Amino acid sequence: MDEHFVQGIVGGVLNRHKDRTLDKKRIQTLMVEIAANIDVANHYTNVKGLAKDNPLSIEMWKGWDGKEEPLTKEYLDYWKCDLCGDHTHEVDYDYLGSGTNHLKCELEYQNEYNAHLDKGKTEQIEIPFPKED
Ligand SMILES: [Zn+2]
C-alpha cells in the first residue's frame with residue numbers, strides 16, 4: 001500500500017479526534033478505527049490495483065467526514081451495532097459503547113440484565129404483608 005495513502009488514513013482518523021482527550025479509551029478507539037480503515041483500504045486497493053497507478057484520495061471511501069458516498073460494504077459491515085443491528089459509522093464516539101455498539105443499546109441491555117437480576121432477588125426475599133384483622 002502506498003505510504004502516503006497510509007499516512008492519509010492515519011491522519012484522517014487522528015484529525016477526526018483532534019479536539020478529544022487522548023485517554024486510554026480514545027487510544028483504543030483510534031487503534032481500532034485506524035486498523036479498520038487500513039483493512040478497508042486494502043480491500044479497495046487490492047481490487048483496483050496499485051495505489052500509485054490509481055491515486056486514491058482519502059475522501060474516496062471515507063467514513064470519518066460522513067459526507068461523501070458511497071461507503072464500502074466492508075466499512076458498513078464493520079460499523080454495526082451488535083445489539084440493534086444499525087450501522088454506527090456516523091455515530092459520535094461519545095455515543096458508542098464497546099467496539100462499534102451504540103452506548104445507548106449497551107446501557108439498555110445492561111439495565112435489562114440488571115433488572116432481570118434484581119427481579120430474581122426481590123422474588124426470593126419477598127415477604128408477604130401480615131394481614132390486618
Ligand atoms: Zn444499537
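Here's a quick briefing on how this protein is put together and how far the model can be trusted, by its own scores. Keep in mind that the model is predicted. The protein has four helices and zero strands, and 11% of its 133 residues count as buried.

**Overall layout**
- Going along the sequence, you'll meet the pattern α-α-α-α.
- Take the contacts between residues at least 6 apart in sequence: 40% of them join residues at least 24 apart.

**The nonpolar core**
- The largest nonpolar core is made of seven residues.
- Ile9, Val13, Val40 and Ala41 are among them, and so are the aromatic-named entries Tyr75, Tyr78 and Trp79.
- Helix 1 (3–16), helix 2 (24–48) and helix 3 (73–78) each chip in at least two residues of this core.
- Domain 1 (3–49) and domain 2 (73–121) both give residues to the core, so it lies between them.

**How confident is the model?**
- Across the protein, the mean pLDDT is 77, with 73% of the residues reaching 70 or more.
- Helix 3 has the highest confidence, at a mean of 88, while helix 2 has the lowest, at 75.
- Be careful with residues 48–55, where pLDDT stays under 50; for this stretch the model has eight contacts beyond four places in sequence.

Note on methods. Residues are numbered from 1 along each chain as its sequence is written. This is a predicted model: local features need pLDDT of at least 70, side-chain atom pairs count only at pLDDT 80 or more; totals for chains, interfaces and linings use all residues. A residue is buried if 20 or more other C-beta atoms lie within 10 Å of its own, exposed if 12 or fewer, and partly exposed in between; C-beta atoms are placed from the backbone. Two residues are in contact if their C-beta atoms, placed from the backbone, lie within 7 Å. A nonpolar core is a set of buried Ala, Val, Leu, Ile, Met, Phe, Trp, Tyr and Cys residues joined through C-beta atoms within 7 Å. Domain bounds come from an automatic or database domain assignment. pLDDT is the predictor's confidence in each residue, from 0 to 100.
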